[in-house]
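Reader: I have a model open at the bench and would like to walk through it with you. Could you take me through it one topic at a time?

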Amino acid sequence: MNKQGPEPMKVTARDIMSTRFCTLLPGLPVSEAVKEFKRASQAEGRKIFGMMVLDLQQNIVGMLSMFDILLLLRPKHIHIWGMMDDLDISGIVDAACDKAGAVLVGDIMTQEVITIPPDTHTFMILDIMIKKHVRRLPVVENGTLLGIVYISDLFYGVLDRFADKDDSR
C-alpha cells in the first residue's frame with residue numbers, strides 16, 4: 001500500500017503476465033526438454049512446470065508440462081498390474097527414462113493450447129483456468145506471443161489484493 005491508498009488492482013492479462021519465459025521446439029528430444037526445465041528453473045529462481053512449444057516461425061504449436069512427461073514415464077497399462085506395492089518396481093523408473101529420452105516433445109505435448117488476448121480480465125482468466133484445468137495461458141495479440149499467465153501469477157495477484165484490503169482497514 002502506498003500513502004495515497006491501495007495500489008490499483010491488476011485487472012488484465014497484460015498486468016500480470018510474465019514476459020520472460022522459456023520455450024521448446026517440437027523436434028527436441030524429451031531428454032533435452034527435461035534439461036531445459038532444470039535450466040529454466042535455475043534461471044528463474046523457481047520451479048518451472050510447463051513450457052510453450054513454438055515452431056521455427058514462433059507460432060505456438062503446443063504446451064509441454066511436467067504432467068505430460070510423467071505420463072510418458074508411467075507404463076500405459078499399469079492399471080492391470082495390480083497394486084503398486086505388489087510389484088517389484090526396482091529399476092522401472094530408469095528403464096522408463098531410457099526409453100522416453102528419445103521421444104520428441106512434439107509427440108507428447110498438449111497440442112490444443114488455449115490462448116488469451118492481453119486485455120482479458122483476471123476474473124475471466126480464473127474462470128478459464130478452472131473450467132479447462134490449465135495452469136498457464138499464453139497471451140497472444142494479432143498472432144504475436146506477448147507473454148504467459150501462470151496460475152501462480154493470478155493467485156499471488158489475488159493475495160496482494162487481500163493484503164491491500166487488510167492494510168487499508
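**The largest pocket and beyond**

Author: Let us begin with the largest pocket, which is lined by 26 residues, with Ser65, His133, Val134, Arg135 and Arg136 lying nearest its centre. Please keep in mind that this is a predicted model.

Reader: How much space lies in the largest pocket?

Author: The space there comes to about 650 Å³.

Reader: And which helices and strands supply at least two residues each to the lining?

Author: Those are β3 (60-65), α3 (66-73), β4 (136-141) and α7 (151-167), and of the elements in the lining α3 gives the most, with five residues.

Reader: How do the lining residues divide into nonpolar, polar and charged?

Author: The lining has 14 nonpolar residues, together with five polar and seven charged ones.

Reader: Let me stay with β4 for a moment; in what sense do β4 and β5 pair?

Author: The pairing of β4 with β5 is antiparallel and runs over six bridges, and within it leucine 137 stands opposite valine 149 of β5. The two strands form a hairpin with two residues between them, and in that turn asparagine 142 has a positive phi of about 50°.

Reader: Is β5 mostly covered or mostly open?

Author: Strand β5, residues 144-150, is mostly covered, since five of its seven residues are buried.

Reader: Changing topic, which residues have the most contacts inside the largest nonpolar core?

Author: That core has 13 residues, and the ones with the most contacts inside it are Leu24, Phe37, Met51, Val53, Leu64, Ile69 and Val105. At least two residues of this core come from each of α2 (30-44), β2 (50-54) and α5 (105-108), and the largest share, four residues, is supplied by α2.

Reader: What is isoleucine 69 in contact with, leaving aside its neighbours within four places in sequence?

Author: Isoleucine 69 is then in contact with Val30, Val34, Phe37, Leu64 and Ile108. There is also a second, separate core of 10 residues, which includes Ile16, Ile116, Leu137 and Leu154, and leucine 137 is the residue that stands opposite valine 149 in the hairpin we discussed.

Reader: One last residue, threonine 12: where is its place, and why does it count as buried?

Author: Threonine 12 is in the segment before α1 (13-16). Threonine 12 counts as buried because its relative accessibility is 18%, and the cut-off for buried is under 20%.

Reader: Which residues does threonine 12 touch, not counting those up to four places away in sequence?

Author: Threonine 12 touches Pro118, Asp119, Thr120, His121 and Thr122.

Notes. Residues numbered from 1 in each chain as written. Predicted model: local features only at pLDDT ≥ 70, side-chain atom pairs only at ≥ 80, totals over all residues. Heavy atoms only, no water. 1 Å grid on protein atoms, 1.4 Å probe; cavity = no way out; pocket = protein on both sides within 12 Å on 5 of 7 lines; lining within 4 Å. Points joined across faces, edges and corners; volume = space filled by probe spheres on them. Nonpolar A, V, L, I, M, F, W, Y, C, P; charged D, E, K, R; others polar. Buried < 20%, exposed > 50% of the residue type's maximum accessible area, 1.4 Å probe, protein only. Pairing = 2+ DSSP bridges. Contact = heavy atoms within 4.5 Å. Core = buried A, V, L, I, M, F, W, Y, C linked by side-chain atoms within 4.5 Å.
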